[in-house]
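I opened this notebook to record what I looked up in one chain, with the salt bridges as my starting point. The entries follow the order in which I checked things.

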Amino acid sequence: MKQQLQKWLAIALLALSMTDCGYNDFQAKDEQTKAAWSEVVNQYQRRSDLIPNLVNTVKGYAAHEKETLEAVIRARSAATSFQITPEVLSNPDAFKKFQEVQGHLSSALSRLMAVSERYPNLKADMIFRDLQSQLEGTENRITVARQRYIVAVQEYNVLARSFPTNLTAKIFNYEVKPSFTVENEKAISTAPTVNFGK
């Protein structure tokens, strides 16, 4: 009887000590980062789905802008062929590659929008304006989804690096997750030079 009581007491003490270990918090934060990541991917996919219609509309007005149109098509192809899996979240190199292909697509789309400025009939086209509006809305959604992901990763990483939950992180291999970074961080940290003398 006494051994039985000691056994149950030991189990109860172990259970109480485990409540502050953070294991359940890691489960919740990990799922939160995965959900936030899924929303980022969802918005990038939405943007990718808009591109063929946008390219075809521009092509109708600006067929001789072939190089710009092909750059958008190539960038979209690279972005959609990149396999996005939950493992990307734990692999800094794969995560960086994902950011690169999405950055190339954003750059190509910016060039395509600049081309449209040279064609008043294209800018007046209702389909183009609708697609442009949808694309702008999607870019805003991407920004919001990325921001939510950054916050989710921050919360997870704080849990993984704080004591005593960092002990649980080490025991169960909860690695710090990479967050979004700006591709040209050094370039944007330098103030632009403005010269009104010319």
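Entry 1, salt bridges. I counted a salt bridge wherever a side-chain nitrogen of Lys or Arg lies within 4 Å of a carboxyl oxygen of Asp or Glu. The model is a predicted one, and by this criterion I found four salt bridges in the structure.

Entry 2, the Lys29 pair. I looked up Lys29 and found that its side chain meets that of Glu155 in a salt bridge, with 3.3 Å from N to O. Lys29 belongs to helix H2 and Glu155 to helix H6 (residues 126–161), so this pair ties together parts of the chain that are 126 residues apart in sequence. I then checked the exposure of both partners: Lys29 counts as partly exposed because its relative accessibility is 24%, and Glu155 is also listed as partly exposed, with a relative accessible area of 32%.

Entry 3, the pairs of Asp30. Which residues does Asp30 meet in salt bridges? I noted one with Lys34, at 3.3 Å from N to O, and another with Lys177, at 2.9 Å from N to O. The Asp30–Lys177 pair links distant parts of the chain, since Asp30 sits in helix H2 whereas Lys177 sits in the loop between helix H7 (165–171) and helix H8 (185–189), 147 residues away. Through their shared partners, the salt bridges join Asp30, Lys34 and Lys177 into one network.

For the pair within the helix, I wrote down that Lys34 and Asp30 both lie in H2 and are four residues apart, about one turn of the helix. This spacing fits the general rule that an α-helix has 3.6 residues a turn, so residues three or four places apart point the same way.

Is each member of the network buried or exposed? Asp30 counts as buried because its relative accessibility of 13% falls under the 20% cut-off, and Lys177 is buried as well, with a relative accessible area of 8%. Lys34, with a relative accessible area of 31%, is partly exposed.

Entry 4, helix H2. I compared the length of this helix with expectation: at 1.5 Å a residue, the 39 residues of H2 (residues 23–61) should span 57 Å, and the end C-alpha atoms are 58 Å apart, which agrees. I also recorded a kink of about 30° at Ile51 in H2, shortly before the proline Pro52.

Entry 5, a surface patch. Tyr23, which lies in helix H2, turned up in a nonpolar surface patch of about 310 Å² that it makes with Ile171 and Phe172. I looked up its exposure separately, and at 32% relative accessibility Tyr23 counts as partly exposed.

Entry 6, the whole chain. I listed eight helices and zero strands, and read along the sequence the pattern is α-α-α-α-α-α-α-α. Of the 198 residues in the chain, 33% are buried. Among contacts between residues at least 6 apart in sequence, I found that 78% join residues at least 24 apart. The chain exposes about 13,100 Å², of which carbon and sulfur atoms supply 55%.

Conventions
Residues are numbered from 1 along each chain as its sequence is written. This is a predicted model: local features need pLDDT of at least 70, side-chain atom pairs count only at pLDDT 80 or more; totals for chains, interfaces and linings use all residues. Side-chain values use heavy atoms; hydrogens and water are left out. Helices (H or I, at least four residues) and strands (E, at least two) are DSSP runs, numbered from the N terminus. The expected span of a helix is 1.5 Å times one less than its number of residues. The bend at a residue is the angle between axes fitted to the seven residues ending there and the seven starting there. Patches are made of residues with over 30% relative accessible area and no salt bridge: like charges are joined within 9 Å, nonpolar side chains (Val, Leu, Ile, Met, Phe, Trp, Tyr) within 5 Å. Accessible areas come from the Shrake-Rupley method with a 1.4 Å probe; for residues, only the protein chains shown count as cover. Buried means under 20% relative accessible area, exposed over 50%, partly exposed in between (1.4 Å probe, protein chains only). Contact means heavy atoms within 4.5 Å.
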